[in-house]
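Visitor: I'm new here and would like a close look at a single part. Please take one helix and build outwards from there.

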Amino acid sequence: MRLEYFDLIDKVDELDLAGSTIRISSRLPERSPVFDGHFPNFPLLPGVMMLEIMNHAAGYLQYRRFNGERFVFLGGVKRAKFRRMVRPGDLIEVRARLTHEGSGFSVAETSLTSGGVTAADAEIILISQEFPNPEIKAALARHSESLAQPAEA
Amino acid sequence: MSSTFDTVAQVISETSDVPLENIKPESHAIDDLGIDSLDFLDIVFALDKKFGIKIPLEQWTQEINQGKASVQDYFVLKNLCARIDELVAAKTAK
């Protein structure tokens, strides 16, 4: 995980394309420029980064459901709560489940846990559309292949 | 038609803060009610759930962009309600 590069998923632990669920895990770095300012002498993962990690998990699930053929990105957050502090070095798990499949958009329930306790949860809207250019499609395909993949359910 | 319109008007009012009394069958969702594309997604999400359908928003957008349909065909509320009734009827017929 490299927060400042938005490289947020270490490992895909479970991926159920038919059941529309995913579980990923990541180990937070001990040091990051993000922690330098948030906060000096008391580093915490910012809530907005928790939301982005949950978005990445849900977005990756939907990207894989589209077999890598559609560009999926965050369109909205209907609800988000940040319940516990997450610190450098923590191992986190994120779960996402698609709850609605619309035309050009989908809705997902997501949660982020640390030490088995829910640290954040959110309902997010994902937009899906054609890739704006072939380069980003290829880059995302390479990134997808680099993730440790479980056997598909 | 009237019950579909009542439901659509209620959803629009709840999701976009447009007063219910301002929402008419002749209202244009974008031009008259000021609903933007992301608000419209919220509305479509709610309507999909309320009516148990999948509003083909991408197909409609494509038809408008290709000149096969007008914006009014889908975004004037009485027309939107007619499209919803068609989708519900098609689903019921399956």
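How far apart are the end C-alpha atoms of α2(A), and what should its 19 residues span at 1.5 Å a residue?

Guide: A word on the model before the helix. This is a predicted model, in which local features need pLDDT of at least 70, side-chain atom pairs count only at pLDDT 80 or more, and totals for chains, interfaces and linings use all residues. Residues are numbered from 1 along each chain as its sequence is written, while chains are lettered from A and ligands numbered from 1 in the order in which they are written.

Now to your helix. The end C-alpha atoms of α2(A) are 27 Å apart, which agrees with the 27 Å that its 19 residues should span; that expected span is 1.5 Å times one less than the number of residues. Helices here are DSSP runs of H or I with at least four residues, strands are E runs of at least two, and both are numbered from the N terminus. Just after α2(A) comes Asn67(A), with a positive phi near 55°.

How covered is the helix? Mostly: 14 of the 19 residues of α2(A) are buried. Buried means that 20 or more other C-beta atoms lie within 10 Å of a residue's own; 12 or fewer makes it exposed, anything in between is partly exposed, and the C-beta atoms are placed from the backbone.

That ties in with the largest nonpolar core, a group of 56 residues in which Met50(A), Met54(A) and Ala57(A) have the most contacts. Helix α2 of chain A, residues 47–65, brings the largest share of this core, nine residues. A nonpolar core is a set of buried Ala, Val, Leu, Ile, Met, Phe, Trp, Tyr and Cys residues joined through C-beta atoms within 7 Å. In soluble globular proteins, nonpolar side chains tend to be buried together.

Take Met50(A) as an example. Setting aside neighbours within four places in sequence, Met50(A) is in contact with Leu45(A), Phe82(A), Val86(A), Leu112(A), Ala119(A) and Ala120(A). Contact means C-beta atoms, placed from the backbone, within 7 Å.

Stepping back to the whole chain, chain A has three helices and six strands, running β-β-α-α-β-β-β-β-α from the N terminus. Of its 153 residues, 31% count as buried. Among chain A contacts between residues at least 6 apart in sequence, 68% join residues at least 24 apart. The C-alpha trace spans about 45 × 30 × 30 Å along its principal axes. Chain A has a radius of gyration of 15 Å, which agrees with the value near 15 Å for a compact globule of 153 residues; the radius is taken over C-alpha atoms, and the globule rule is 2.2 Å times the number of residues to the power 0.38.

Chain A has a partner, too. Nine residues of chain A are in contact with twelve residues of chain B. On the chain B side, α2 (37–51) and α3 (57–65) each supply at least two residues, and α2(B) gives the most, with six.

As for confidence, the model scores ipTM 0.84 and pTM 0.89. Chain B has a mean pLDDT of 93, and 98% of its residues reach 70 or more; pLDDT is the predictor's confidence in each residue, from 0 to 100.

Note on methods
Two residues are in contact if their C-beta atoms, placed from the backbone, lie within 7 Å.
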